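Thanks for coming. I have one structure to go through, and I will keep to what was computed from its atoms.

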Amino acid sequence: MNLTLWIVAGLLAALALFSGATKVFLPKAKLDEASDWTENTGTGFVRTLGGLEILAAAGLTLPAALDIAPVMVPVTAVCWVLLMIGGIITHARYGHYKYVVLCFALLAVAAFVAWGRFGPESFTG
């Protein structure tokens with residue numbers, strides 16, 4: 001179970017890092033071409049969202065790997081769940097139902113990490 005949680009958290013972190021870096025470093029015009037939800041939001045919001053995703057990538061792995069406040073791993077997973085709820089709402093509003101399904105899947109993965117790291121495979125136990 002511990003290995004599964006590490007793998008799942010690592011994959012989720014990789015996805016968060018890629019998604020966040022895209023939002024932070026790509027020009028907003030490029031993002032607007034790829035997805036219409038960014039057209040109706042400010043550049044600062046998109047960049048902030050990307051920054052939060054990069055922080056989530058770090059928070060899902062580094063605290064446990066470095067043994068510095070490992071409780072931040074499940075806390076970050078809960079924050080990712082909240083972020084995915086926002087993603088579900090946003091993509092549903094724009095009719096992007098394949099992204100709604102993706103957000104639900106990522107929400108479930110993050111909830112699994114949070115449950116596992118707060119519960120049976122806690123770093124404090």
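I will take two helices in turn, then the loop between them, the salt bridges and a surface patch.

First, the ground rules. This is a predicted model, in which local features need pLDDT of at least 70, side-chain atom pairs count only at pLDDT 80 or more, and totals for chains, interfaces and linings use all residues. Residues are numbered from 1 along each chain as its sequence is written, and side-chain values use heavy atoms, with hydrogens and water left out.

Start with helix H3, residues 43–65. Helices here are DSSP runs of H or I with at least four residues, numbered from the N terminus. H3 has 23 residues and should span 33 Å at 1.5 Å a residue; the distance between its end C-alpha atoms is 33 Å, which agrees. The expected span is 1.5 Å times one less than the number of residues.

H3 does bend, by about 35 degrees at glycine 59. That bend is the angle between axes fitted to the seven residues ending there and the seven starting there. A proline, proline 63, follows within four residues.

Which residues of H3 are buried? They are Val46, Leu49, Gly50, Glu53, Ala56, Ala57, Gly59, Leu60, Thr61, Pro63 and Ala64. Buried means under 20% relative accessible area, exposed means over 50%, and partly exposed is in between, with a 1.4 Å probe and protein chains only. Note that glycine 59, where the bend sits, is on the buried list, and so is proline 63. The cover over these buried residues includes helix H1 (2–25), helix H2 (28–34) and H4.

Next, helix H4, residues 72–94. H4 also has 23 residues, with an expected span of 33 Å at 1.5 Å a residue and end C-alpha atoms 33 Å apart, in agreement. Its buried residues are Val73, Pro74, Thr76, Ala77, Trp80, Val81, Met84, Gly87, Ile88 and His91. They pack against H1, H3 and helix H5 (97–118), where contact means heavy atoms within 4.5 Å. Just after H4, glycine 95 has a positive phi of about 75 degrees.

Now the loop between H3 and H4. Aspartate 67 lies there, and its phi is near 55 degrees, positive in a residue other than glycine. Aspartate 67 is exposed, at 61% relative accessibility. Alanine 69 is found in that loop too. Its phi is about 50 degrees, positive although alanine 69 is not a glycine. With a relative accessible area of 42%, alanine 69 is partly exposed.

On to charges. Side chains of opposite charge can pair when their charged atoms come close. How many salt bridges does the model have? The count comes to two, taking a salt bridge as a side-chain nitrogen of Lys or Arg within 4 Å of a carboxyl oxygen of Asp or Glu.

One pairs lysine 23 with glutamate 53, with the closest N and O atoms 3.2 Å apart. This pair links distant parts of the chain, 30 residues apart: lysine 23 is in helix H1 and glutamate 53 in helix H3. Are the two residues buried or exposed? Lysine 23 is buried, at 12% relative accessible area, and glutamate 53 is buried, at 5%.

The other pairs aspartate 32 with lysine 28, again with the closest N and O atoms 3.2 Å apart. Both lie in helix H2, four residues apart, or about one turn of the helix. Lysine 28 counts as buried because its relative accessible area is 13%. Leaving out residues up to four places away in sequence, lysine 28 touches Thr38, Glu39, Thr41, Gly42, Thr43, Val46 and Arg47.

Last, the surface. Val71, Met72, Val75, Val78, Leu82, Ile85, Ile89 and Phe118 form a nonpolar patch with about 660 Å² of accessible area together. Patches are made of residues with over 30% relative accessible area and no salt bridge; like charges are joined within 9 Å, and nonpolar side chains (Val, Leu, Ile, Met, Phe, Trp, Tyr) within 5 Å. Areas come from the Shrake-Rupley method with a 1.4 Å probe, and for residues only the protein chains shown count as cover. Which helix gives the most to the patch? Helix H4 does, with six residues. Leucine 82, one of the patch residues, has its place in H4 and is exposed at 55% relative accessible area.

Notes
Helix = DSSP H or I, 4+ residues; strand = E, 2+ residues; numbered from the N terminus.
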